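Got the viewer open? Let's take a walk through this model, one selection at a time.

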Amino acid sequence: RILGNKMSKILILPGDGIGIEIIAQAVKVIDSLNRNHAMGMNLVSGLLGGAAYDETGSPFPDETIRIAKECNSILLGAVGGPKWESLERSLRPERGLLGIRSELELFSNLRPAILYPQLASASSLKKEIVSGLDLMIVRELVGGIYFGQPRGVEIKNGERFGVNSATYYESEIARIGHSAFQIAQKREGRVCSVDKANVLEVSELWRDVMEEVSKEYSDVKLSHLYVDNAAMQLVRDPKQFDVMVTSNLFGDVLSDCAAMLTGSIGMLPSASLDKNNFGMYEPIHGSAPDIAGKDIANPLATILSVSMMLRYSLNQAELAEKIDSAVSDVLDQGYRTRDIAGDSQKVVGTEEMGDLVVKALES
Ligand code: NAD
């Protein structure tokens, strides 16, 4: 794969539910960049999740992984829905998501929590505490207790006994550390590593390795917090953080908490990267079956996922900035989808929001 090449090939995976509608808006933005900035982004579409199961019998078809490996990056809508909930675990849409992440070794999950000042009233925290929040959580995505062995439920001493194992090789910790430090270099240069080193040996190793990796980044300041304190600090004073790096389990919980600080799930993008910055980009929300097909879903998280893709995989930071500004302009003009609308806003549908962003991008 040639990263940073303008002639990039992007795999589009709309998925299920609102995935289809929101991806269509992101595609409009990509088409606009192709037209006006000669980006030459070549889009190919593929199947993942419930839609893939319906068509091929698998939520994660071999064909999808084959095409993914030929692409420079992936843009995903969302997967899942009630239609597939009764399927056996290995056939459920979410399996497709876990499958593609681990098959492509997408170990570094970037979850920004950004609160646009225009939307500060959407947060449950006081405006002065969250307005302008811009935090990046870097979560290890393919290791730790979600994957460690042994695992399972067995009978022991005559009763049921459940076990999972929090495991990390130092190489797994080092690679997520490098990812976090490199991101901090492009931001304010501060990394806070979150662990539970006062109780867990695996966390002691995590802390030692983070210290070792930090020696290669003299321009980045490293600090440490225990996860319980990190959760408190996130709610008390979230703007103190620049980049937070943590393990799979802690990152799962803290990134959802950080997302909720913004009060607008429909606004937050994410990236999952491999060691060469090949990435899969997707909104953090799910397929929202309750609102699918009604032209009310917020497409901005997906459009902002395109911005992250340009920044982290395609080396087009200026264009990423343009998308971010276009979104901000549309919010400044007072337009809102229903999920982020205050009392006196101009409420628009999914399609119109997509068109407004393109218009702002081209003006
Ligand atoms: P969800 O994120 O889909 O929805 C939660 C709530 O937020 C719903 O009320 C929904 O209407 C609203 N919402 C979500 N995105 C929105 C948007 N863009 N605009 C406006 N409102 C939005 O979570 P859920 O309801 O727990 O899950 C629904 C399905 O999605 C399940 O099958 C679940 O497994 C799946 N899921 C997929 C992903 C993914 O693909 N990455 C992530 C989470 C959940």
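Start by selecting Asp295, which sits in the loop between β12 (279–283) and α10 (300–312). Helices and strands here are DSSP runs (H or I and at least four residues for a helix, E and at least two for a strand), numbered from the N terminus. Before we go further: this is a predicted model, in which local features need pLDDT of at least 70 and side-chain atom pairs count only at pLDDT 80 or more, while totals for chains, interfaces and linings use all residues. Residues are numbered from 1 along each chain as its sequence is written, and side-chain values use heavy atoms, with hydrogens and water left out.

**Odd backbone angles**

What is the phi of Asp295 near? Phi is near 60 degrees, a positive value in a residue other than glycine. Most residues other than glycine have a negative phi, and most peptide bonds are trans. Asp295 counts as partly exposed because its relative accessible area is 35%; buried means under 20%, exposed over 50%, and partly exposed in between (1.4 Å probe, protein chains only).

Now select Glu105, in the loop between α4 (93–103) and β4 (108–114). Glu105 also has a positive phi, near 55 degrees, and at 39% relative accessibility it is partly exposed.

Next, go to Pro150, in the loop between β5 and β6. Look at the peptide bond that joins Gln149 and Pro150: it is cis, with omega at about 0 degrees.

**A nonpolar patch**

Stay in that loop and pick Phe147, which lies between β5 (134–140) and β6 (152–156). Phe147 is partly exposed, at 37% relative accessibility. Add Tyr146, Leu249 and Val253 to your selection: together with Phe147 they make a nonpolar surface patch of about 320 Å². Patches are made of residues with over 30% relative accessible area and no salt bridge; like charges are joined within 9 Å, and nonpolar side chains (Val, Leu, Ile, Met, Phe, Trp, Tyr) within 5 Å. The areas come from the Shrake-Rupley method with a 1.4 Å probe, and for residues only the protein chains shown count as cover.

**The ligand**

Time to click on the ligand. How many residues surround the ligand? There are 20, and the closest are Val79, Glu94, Gly286, Ala288 and Asn298; a residue is near if one of its heavy atoms lies within 4 Å. Sorted by class, this shell has nine nonpolar, seven polar and four charged residues. In that sorting, Ala, Val, Leu, Ile, Met, Phe, Trp, Tyr, Cys and Pro count as nonpolar, Asp, Glu, Lys and Arg as charged, and the others, Gly among them, as polar.

Try some distances in the viewer. From an N or O atom in the side chain of Glu94 to an oxygen atom of the ligand is 2.5 Å. A polar backbone atom of Asn298 is 2.9 Å from a nitrogen atom of the ligand. For Glu282, a polar side-chain atom lies 3.3 Å from a ligand nitrogen. Taken alone, the ligand exposes 810 Å², and the protein buries 68% of that.

**Salt bridges**

Keep Glu282 selected and add Arg101: their side chains meet in a salt bridge (3.6 Å, N to O). Arg101 lies in helix α4 and Glu282 in strand β12, so this pair ties together parts that are 181 residues apart in sequence. Both partners are buried, with Arg101 at 18% relative accessibility and Glu282 at 7%. A salt bridge is a side-chain nitrogen of Lys or Arg within 4 Å of a carboxyl oxygen of Asp or Glu, and by this rule the count comes to 19.

Next, select Arg207 and Asp195, another salt bridge, whose closest N and O atoms are 2.9 Å apart. Arg207 is in helix α7 (residues 201–214) and Asp195 in strand β8 (residues 190–195), 12 residues apart. Is Asp195 buried or exposed? Asp195 is buried, at 1% relative accessibility.

For the last stop, pick Arg66 and Glu70, whose side chains form a salt bridge at 3.1 Å, N to O. Both lie in helix α3 (residues 62–70), four residues apart, about one turn of the helix. Glu70 is partly exposed at 42% relative accessibility, and Arg66 is partly exposed with a relative accessible area of 42%. Finally, add Lys9 and Glu63 to see the network that salt bridges with shared partners make of Lys9, Glu63, Arg66 and Glu70.

How values were computed
A polar contact is a pair of N or O atoms within 3.5 Å; within protein, one must be able to donate a hydrogen and the other to accept it, and residues adjacent in sequence count only if both atoms are side-chain atoms.
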